[in-house]
Amino acid sequence: MSVRTQSSEQSGQPVHRAGFACFVGRPNAGKSTLTNALVGQKVAITANQPQTTRHTVRGIVHRPDAQLILVDTPGLHKPRTLLGERLNDVVRTTWAEVDVIGFCLPANEKLGPGDRFIAKELAGIKKSPKVAIVTKTDLVDSKTLAEQLIAIDQLGKELGIEWAEIVPVSATANKQVDLLADLLVPMLPEGPALYPDGELTDEPEQVMIAELIREAALEGVRDELPHSIAVVVEEMLPREDRPADKPLLDIHAFVYIERPSQKGIIIGPKGKRLKEVGIKSRKQIEALLGTPVFLDLHVKVAKDWQRDPRQLRKLGF
């Protein structure tokens, strides 16, 4: 078992590499937080409940020697709805197309059936190298971490997976995040950059804005409505009659829920919750776009949208 904890010097003439890496793992294994830490800016929605990532968000890490494009997939899980089945299809398609797969396993939770379920699927993918990434190491002591590293090595042996590396990281404490990038880069094919310098993601802005609103809407209601919220940005228009040095962008968005009874939870007493969602997400949208924003939010009921193919299409799934 090779556990990397420091960078190895590379000799010879530098070559440029560019390619795709994807982080997999059961829901809430720290994939999105790790993507954001590597890219250095918030590109993937993170929240403390499973199944918050619904879109394949690509974060782009620019280095002098490489461009590492991170594909952040939904967590693979046993599906209970049509939405769940579609999310799983997205995951498997992504795995088949990337240059390296990072399997995220939290240091603070023993390996469980969910991890095994994913590891078995990974064992069937032969061409992509697989790196085991032990996340959330800031939450455990060295003894617990050592036990987890041994358990992951053992899991690989049982299922016939040869880990290219086993890397402990903490995205929130920024420990070994750069090392992880150093280890992933040599597994990418040689080639020129695939995206212009400075680009951090290829997600359309409207999708990212919808995700920021959804993240703010989930806060505080995660126990009641963990998966019932979808957000669609209907339009984004520069406000007319504004001077060039004082632009304002009007954004109109709908927060969709599944049942009328959920409306009150999202809006809150006298509209207080929805107002807080608006304030919080507007600040993040302004930081993302670099321009002042007027955000207009409305709550709509889309009955049982997670189980309805027509509504899933309308909401972008």
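**Sheet order, strand pairing and helix packing in the predicted model**

Three strands form an open sheet in the order 7-8-9, with mixed pairing. The edges of this sheet are strand 7 (230-238) and strand 9 (293-301), each of which pairs on one side only. Neighbouring strands of the sheet are turned against each other by 15 degrees on average, direction ignored. The model described here is predicted.

Strand 8 (residues 249-257) runs parallel to strand 9, and 9 bridges join the two. Within this pairing, Ala253 stands opposite Leu297 of strand 9. Two helices are placed against the sheet. Helix 8 (residues 272-289) packs on it and touches strand 7, strand 8 and strand 9. The direction of helix 8 makes about 135 degrees with that of strand 9. Helix 6 (residues 205-218) also lies across strand 7, strand 8 and strand 9. Helix 6 runs at about 125 degrees to strand 7.

The protein as a whole has 9 helices and 9 strands. Of its 317 residues, 49% count as buried. Contacts between residues at least 6 apart in sequence were also examined; 73% of them join residues at least 24 apart.

A further set of pairings involves strand 4 (residues 100-106). Strand 1 (residues 17-24) and strand 4 pair in the parallel sense over 4 bridges. Phe23 stands opposite Gly102 in strand 4. Strand 4 also runs parallel to strand 5 (residues 130-135), to which 6 bridges join it. Here Ile101 has Lys130 of strand 5 as its bridge partner. Between strand 4 and strand 5 the chain passes through helix 3 (residues 113-123), and this β-α-β crossover is right-handed.

Strand 4 is buried along its length: 7 of its 7 residues are buried, so the strand is largely enclosed by the rest of the structure. Val100, Gly102, Cys104 and Pro106 point one way from the strand, and Ile101, Phe103 and Leu105 point the other way. Both sets are buried.

Cys104 of this strand was considered together with Cys22. A disulfide is a covalent bond between the sulfur atoms of two cysteines. A search of the whole structure finds 0 disulfides. Cys22 is in no disulfide, and the nearest cysteine sulfur, that of Cys104, is 9.1 Å away. The cut-off for a disulfide is a sulfur pair within 2.5 Å. The 9.1 Å between the sulfur of Cys104 and that of Cys22, its closest cysteine sulfur, is therefore too far for a bond. Both cysteines are nonetheless out of reach of the surface probe. Cys22 is buried, with a relative accessible area of 0%. Cys104 likewise counts as buried, at 0% relative accessibility.

Helix packing was examined for helix 1 (residues 31-39) and helix 5 (residues 177-184). Their axes are 10 Å apart and make an angle of about 85 degrees. Angles of 65 to 115 degrees count as roughly perpendicular, so helix 1 is roughly perpendicular to helix 5. On the side of helix 1, the contact is made by Leu34, Ala37 and Leu38. On the side of helix 5, Val177, Leu180 and Ala181 take part. An α-helix has 3.6 residues a turn, so residues three or four places apart point the same way.

Burial of helix 5 extends over 6 of its 8 residues, so this helix is largely enclosed by the rest of the structure. The buried residues of helix 5 are Val177, Leu179, Leu180, Ala181, Leu183 and Leu184. Val177, Leu180 and Ala181 are thus both buried and in contact with helix 1.

The loop between strand 6 (163-168) and helix 5 holds Asn174. Gln176 lies in the loop between strand 6 and helix 5 as well. Most residues other than glycine have a negative phi. Asn174, although not a glycine, has a positive phi of about 55 degrees. Gln176 is not a glycine either, and its phi is positive at about 65 degrees. Their accessibilities fall in separate classes. Asn174 has 52% relative accessibility and counts as exposed, because the cut-off for exposed is over 50%. Gln176, at 23% relative accessibility, counts as partly exposed.

Note on methods
Residues numbered from 1 in each chain as written. Predicted model: local features only at pLDDT ≥ 70, side-chain atom pairs only at ≥ 80, totals over all residues. Heavy atoms only, no water. Buried < 20%, exposed > 50% of the residue type's maximum accessible area, 1.4 Å probe, protein only. Pairing = 2+ DSSP bridges. Right-handed = clockwise from strand over helix to strand, strands pointing away. Axes fitted to C-alpha atoms, helices over the stretch in contact; angles between N-to-C directions. Parallel < 35°, antiparallel > 145°, perpendicular 65-115°, else oblique. Contact = heavy atoms within 4.5 Å.
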